[in-house]
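Trainee: Could you walk me through this model at an easy pace? I'd like to start with the charged pairs and then move on to the rest.

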Amino acid sequence: MAAKKFDDVNRAAQFLPFDALKGLSEEIQSRIEKRSRIERKELSEERQEEISSVLCKINKGTTVKVEFYSCGHYYEEEGLVLCINFPYHYLIIGQEKIFFDDIYEICIVAK
């Protein structure tokens with residue numbers, strides 16, 4: 001009798017991953033993400049100058065905290081600057097490539 005109960009559980013479990021409408025959950029997630037997007041905040045000239053002055057002080061290996069805009073959302077990243085490219089206006093922190101124009105706030109973290 002115990003074997004029959006075990007077989008019933010396995011039989012029910014095989015239908016759990018069944019998705020009647022292929023891609024429905026991905027489409028729902030995509031629509032939720034699109035609707036949760038926010039507009040980019042406008043930067044004042046003073047804030048742009050502050051960001052510029054901090055960027056001039058940064059070198060490879062400097063620890064920074066950055067708030068930046070990407071794909072309709074604001075994100076924060078903190079870590080070592082692996083690369084800073086002034087001609088192409090970007091810096092890399094970890095796996096994140098952040099363009100200077102997308103930076104909303106940046107500060108150097110004291111060690």
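**Charged pairs, helices and strands**

Trainee: How many salt bridges does a search of the whole structure find?
Mentor: Keep in mind that this is a predicted model, where local features need pLDDT of at least 70, side-chain atom pairs count only at pLDDT 80 or more, and totals for chains, interfaces and linings use all residues. Residues are numbered from 1 along each chain as its sequence is written, and side-chain values use heavy atoms, with hydrogens and water left out. A salt bridge here is a side-chain nitrogen of Lys or Arg within 4 Å of a carboxyl oxygen of Asp or Glu. With that rule, the number found in the whole structure is four.

Trainee: Which residue forms a salt bridge with E27?
Mentor: Side chains of opposite charge can pair when their charged atoms come close. E27 is partly exposed at 38% relative accessibility, where buried means under 20% relative accessible area, exposed over 50% and partly exposed in between (1.4 Å probe, protein chains only). Its partner lies four residues away in helix α2, about one turn of the helix; helices (H or I, at least four residues) and strands (E, at least two) are DSSP runs, numbered from the N terminus. The closest N and O atoms are 2.9 Å apart, and the partner is R31.

Trainee: How far apart are the closest N and O atoms of E105 and R47?
Mentor: Both residues count as partly exposed, E105 at 40% relative accessibility and R47 at 22%. They form a salt bridge in which the closest N and O atoms are separated by 3.3 Å.

Trainee: How many residues apart in the chain are E105 and R47?
Mentor: Once more, E105 is joined to R47 by a salt bridge. This pair links distant parts of the chain, with E105 in strand β5 and R47 in helix α3, and the separation is 58 residues.

Trainee: Which residue of strand β1 forms a salt bridge with E76?
Mentor: E76 counts as exposed at 54% relative accessibility, while its partner is partly exposed at 35%. The closest N and O atoms of the pair are 4.0 Å apart. The pair links strand β2 to strand β1 across eleven residues, and the β1 member is K65.

Trainee: Is E67 buried or exposed?
Mentor: E67 lies in strand β1. Its contacts (heavy atoms within 4.5 Å), leaving aside residues up to four places away in sequence, include K41, Y74, Y75, D102 and E105. Its relative accessible area is 18%, so E67 counts as buried.

Trainee: What is the order of helices and strands along the chain?
Mentor: There are three helices and five strands in the protein chain. Read along the sequence, the pattern is α-α-α-β-β-β-β-β.

Trainee: Within what arc do the buried residues of α3 fall?
Mentor: Helix α3 covers residues 45–57. Its buried residues are I51, V54 and L55. Seen down the helix axis, with the arc taken from the directions to the C-beta atoms, they line one face of α3 because they fall within an arc of 105°.

Trainee: Which exposed residues sit on the face of α3 turned away from its buried side?
Mentor: The cover over the buried residues of α3 includes the strands β2 (73–85), β3 (90–93) and β5 (103–108). The face turned away from that buried side carries the exposed residues E45, E46, E49, C56 and K57.

Trainee: Where in the chain is C71, which has a positive phi?
Mentor: Most residues other than glycine have a negative phi, and most peptide bonds are trans. C71 has a phi near 50° and counts as exposed at 59% relative accessibility. Its place is the loop between β1 (63–70) and β2.

Trainee: And what is the phi of H89?
Mentor: H89 sits in the loop between β2 and β3 and counts as partly exposed at 45% relative accessibility. Its phi is also a positive value in a residue other than glycine, near 60°.

Trainee: Last one: what percentage of the protein chain do buried residues make up?
Mentor: The protein chain has 111 residues. Of contacts between residues at least 6 apart in sequence, 54% join residues at least 24 apart. Buried residues make up a share of 24%.

How values were computed
Expected span 1.5 Å × (residues − 1).
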